[in-house]
Amino acid sequence: MACSSVARMKLRFFVYPSMPGGTDQTLRPFLWRAANLYPDTEIVSRTHQGIDRYTYADYDDRTAQLANALDEHGIVEGDRVATFCWNHHRHFETYFAVPTIGAQLHTINPLLPDEHIQYIVDNAEDQLIFVDPSLEPKLASAAADAPEFEGVDFVIMGDAEGEHLDATPYESFIDGQPTDYDWPVLDEDQPAGMCYTSGTTGNPKGVEYTHKMLWSHTMATLTPQGIPMDDDDVVMPVVPMFHVNAWGMPFTATAGGAKHVYPGPSPDPADIAGLIEDEGVTITAGVPTVWLGLMDYMEDHDVDLSTLDRVIVGGSAAPEAMIRWFDDHDVELLHAWGMTEMSPIGSVAHLKHDIAGADYDTQIDHRSKQGLMVPGLEFRVIDDDGEEVAWNGEDFGELWVRGPWVTTEYFMRPEATEEDFEDGWLKTGDVVTVDEEGYIKIVDREKDVIKSGGEWISSVELENAIMAHDDVAEAAVVGVPHEKWQERPVAFVVPGEGADEDALREGIMDMLREDYPKWWLPDSIEYIDEIPKTATGKFSKKDIRDEYSDQSLVEGSVPEEAAPESDD
Ligand code: ADP
């Protein structure tokens, strides 16, 4: 092993260009470090065929082969190359090969509707798309007769030909290519990646990630205040690699020299549990629904979580009960907040040292907030009058952020850029409070906060309170237009199986009355079969609002005493 590493070091030093002035902040050195210092560390993937396993040394060789194949295909610096894939080693190979030859990796979310896929392929001017066999029918449907796909080539991830698209098998695409590549010296401001927000309002908006953004995001997340990863870690991103680079974890894990585990196509709780046990996963990450699935599965199945140190939860708020559940299983749930526009990590709910020594409930209270900004970022919270709100844990305002890995514009969307950015700050659209310690807590999205009689009502708080009822499966609260109060809250509830609807309505209202002022109480509770979801699995309140923007739901049903002014 030692011998092969030395040989590898020499070889790599030899082909790496010598740069007297040093290099810019680019991605290549992260892979260089992993390949040379940890050549035998594994990269493991769950595939349709079973488990695939190789080392950083193999990864380095295959990445060079892919880079050569891209050259041969005619991809040049500045071109965009897209992926339409789940989490696996081949997808990971594109993560370093594409940006380090100077091209740009555009990860497409395959759960988007066809029109959005057509829009973003056209907007990004993708030249080549890597697609998974199981996602090929979906891509073929979006590409069928679509002028947006003219001139786009396809490579299918695996060793078989495409069935629906004229696509080259990946293994023949890279086969026979040299395992070395004369990597160019790149400018840190050169775009390396690209991802579109899921477009809950209108067309998706593109965010370009430069090398410097991804480099600085990686370095910041490696700090103890971020999501650090080391060479004894086994890192499994369940969060999709098509969603903001799986929160940057493939880059961070490589920089730290950790073992990678990729859960492959549509992993279910049994797959996730199996990989944790078999591969000894220490750090994993995903949205709350993934962990709710695992918690549910573990009610009937024994799963050994003893290797697991940390579960990173973000994308939506981590419920307090989930934090406690993982504590009971000796696993730390680390709550994080971020956005596509922020590459994506913004804050992580680590405990400050004085709070770490406080009682358990105080700790849980802080760990369920979205947390403290990671080093390198600045934020402010601005109210309706354009003033910064006090850090008192009560006053709401919109969260603005800036920093090296926060974008300052949308790709070719000047009007959206104008709307969401000001003086170098990203206006996140998240409505938050900040407590005396500096922990931010999201109380709503700007577009979802309910503006009733000049006061704000947090739809998220009401939803969480309603979902705490045992007979509620899901709930979303939206503001419905109201003549007098501007907007009033209406709750859309999916009842649990066998629930008595009248009793449930009363039960919910009784629960809410205990904790909230009268004017916060929903004017109506409507039962529906399912809460519509976005392509990233979040509640789509826009769809609910579009469908139920009907005043009759609330007209005349607001008792005078429920008015904001009359509540004391
Ligand atoms: P989209 O949902 O448009 O695809 P993102 O994935 O970038 O976009 O989502 C970013 C948004 O997700 C944030 O602005 C915030 O509203 C929400 N979000 C992210 N993390 C959390 C969290 N830990 N708690 C609550 N909301 C979160």
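Two strands are said to pair if DSSP finds at least two bridges between them. The model described here is predicted, and two of its sheets are taken in turn.

**The sheet of three strands**

V490 stands opposite S524 in β26. Strand β25 (residues 486-495) is joined to β26 by four bridges, and the two run parallel. Both belong to an open sheet of three strands in the order β24-β25-β26, where the pairing is mixed. At its edges are β24 (472-482) and β26 (524-527), each of which pairs on one side only. From one strand to the next, the twist averages 30°.

**The sheet of seven strands**

Another open sheet has seven strands, ordered β7-β6-β5-β3-β4-β8-β9, again with mixed pairing. Its edge strands, β7 (167-169) and β9 (206-210), each pair on one side only. On average, neighbouring strands of this sheet are turned by 25° against each other, direction ignored. Within the sheet, β3 (residues 80-84) pairs with β4 (residues 104-107) in the parallel sense, over four bridges. One residue of β4, H106, is the bridge partner of A82.

In general, strands of a sheet pair through backbone hydrogen bonds, either parallel or antiparallel.

**Helices across the sheets**

The table lists helices that lie across these strands.

| Helix | Strands it lies across | Approximate angle |
|---|---|---|
| α5 (residues 114-124) | β3, β4, β5 (126-131) and β8 (191-196) | about 155° to β8 |
| α17 (residues 459-467) | β24 and β25 | about 145° to β24 |
| α18 (residues 501-515) | β24, β25 and β26 | about 140° to β26 |

Strand β24 is thus crossed by α17 and also by α18.

Methods
Residues numbered from 1 in each chain as written. Predicted model: local features only at pLDDT ≥ 70, side-chain atom pairs only at ≥ 80, totals over all residues. Heavy atoms only, no water. Axes fitted to C-alpha atoms, helices over the stretch in contact; angles between N-to-C directions. Contact = heavy atoms within 4.5 Å.
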